[in-house]
Structures are given as structure tokens and as C-alpha cells.
Amino acid sequence: MKSSRNWALALVVLIVFTTQEQLKANPAGSGSGVPAIVADVFIARPLGIMATLAGSALYVVSLPFTVPARGTEQAKRVLVDYPFHYTFSRPLGEFYDDDF
């Protein structure tokens with residue numbers, strides 16, 4: 001009984017280790033390594049949060065000028081949407097995102 005349990009455990013370990021090779025090395029981003037992820041978490045994301053907050057404030061300040069010129073959508077896209085997407089929507093460790 002103990003021998004069959006050891007064989008079953010060895011089989012499970014073998015299956016787990018052989019299927020792990022097929023998975024991506026970095027599920028957060030395609031081809032990004034640990035330094036890119038660390039830089040993203042500690043540098044780019046906090047700067048993105050600050051850019052989102054500053055862009056939102058500038059958007060509110062620019063409303064009296066953009067409403068008569070009918071440029072609110074473009075101002076919102078540049079000042080709010082781009083920094084928000086860069087900070088919260090792109091995969092971790094990828095600095096170039098073609099989705100937006």
C-alpha cells in the first residue's frame with residue numbers, strides 16, 4: 001500500500017513538473033523579465049497614479065476652455081484616459097500596450 005502511494009506521488013510530481021515547462025515563464029507579460037516587473041511596480045505604476053491624478057485635475061481646470069471649443073473628449077482622452085489605462089489596464093511588466 002505504501003509503495004503504491006509513493007508511485008502515485010511520484011507520478012503526480014512528474015506530471016506537474018513536465019506540464020510546467022509548457023506554461024509561460026512570465027504570465028504577467030510576454031517576454032518581460034523580473035527587472036521589468038520590479039521597475040513597473042515600484043516606478044512606473046506610482047508615476048502613473050500621479051499622472052492620472054494630475055491629468056484629472058488639469059482636465060477639470062481646462063473644462064472652461066474645452067467646452068466652448070468642443071474639445072472635451074480629446075482633452076479627457078489625453079489627460080485622463082491614457083494615464084489611467086497605462087496605470088491600471090496594461091499587463092504587468094509591459095511598457096508598450098497597443099490596446100489603447
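**Helices 2 and 3 and the intervening loop**

Apart from neighbours within four places in sequence, Asp40 contacts Arg45, Pro46, Arg90, Pro91, Leu92, Gly93, Glu94 and Phe95 in this predicted model. Asp40 belongs to helix 2, which covers residues 34-66. The relative accessibility of Asp40 is 0%, so Asp40 counts as buried, the cut-off being under 20%.

Arg70 is located in the loop that joins helix 2 to helix 3 (72-88). With a relative accessible area of 77%, Arg70 is exposed. Its phi is near 55 degrees, a positive value in a residue other than glycine. Most residues other than glycine have a negative phi.

On either side of this loop, the axes of helix 2 and helix 3 come within 8 Å and cross at roughly 170 degrees. Helix 2 is therefore roughly antiparallel to helix 3, since angles over 145 degrees fall in that class. The contact of helix 2 with helix 3 comprises 13 nonpolar, eight polar and two charged residues.

Helix 3 has 17 residues and should span 24 Å at 1.5 Å a residue; its end C-alpha atoms are 22 Å apart, in agreement with that value. A bend of about 35 degrees occurs in helix 3 at Asp81, and a proline, Pro83, follows within four residues. Pro83 is also among the buried residues of helix 3, together with Ala75, Val80, His85 and Thr87. The cover over the buried residues of helix 3 includes helix 2.

Technical notes
Residues numbered from 1 in each chain as written. Predicted model: local features only at pLDDT ≥ 70, side-chain atom pairs only at ≥ 80, totals over all residues. Heavy atoms only, no water. Helix = DSSP H or I, 4+ residues; strand = E, 2+ residues; numbered from the N terminus. Buried < 20%, exposed > 50% of the residue type's maximum accessible area, 1.4 Å probe, protein only. Contact = heavy atoms within 4.5 Å. Axes fitted to C-alpha atoms, helices over the stretch in contact; angles between N-to-C directions. Parallel < 35°, antiparallel > 145°, perpendicular 65-115°, else oblique. Nonpolar A, V, L, I, M, F, W, Y, C, P; charged D, E, K, R; others polar. Expected span 1.5 Å × (residues − 1). Bend = angle between axes of the 7 residues up to and from the residue.
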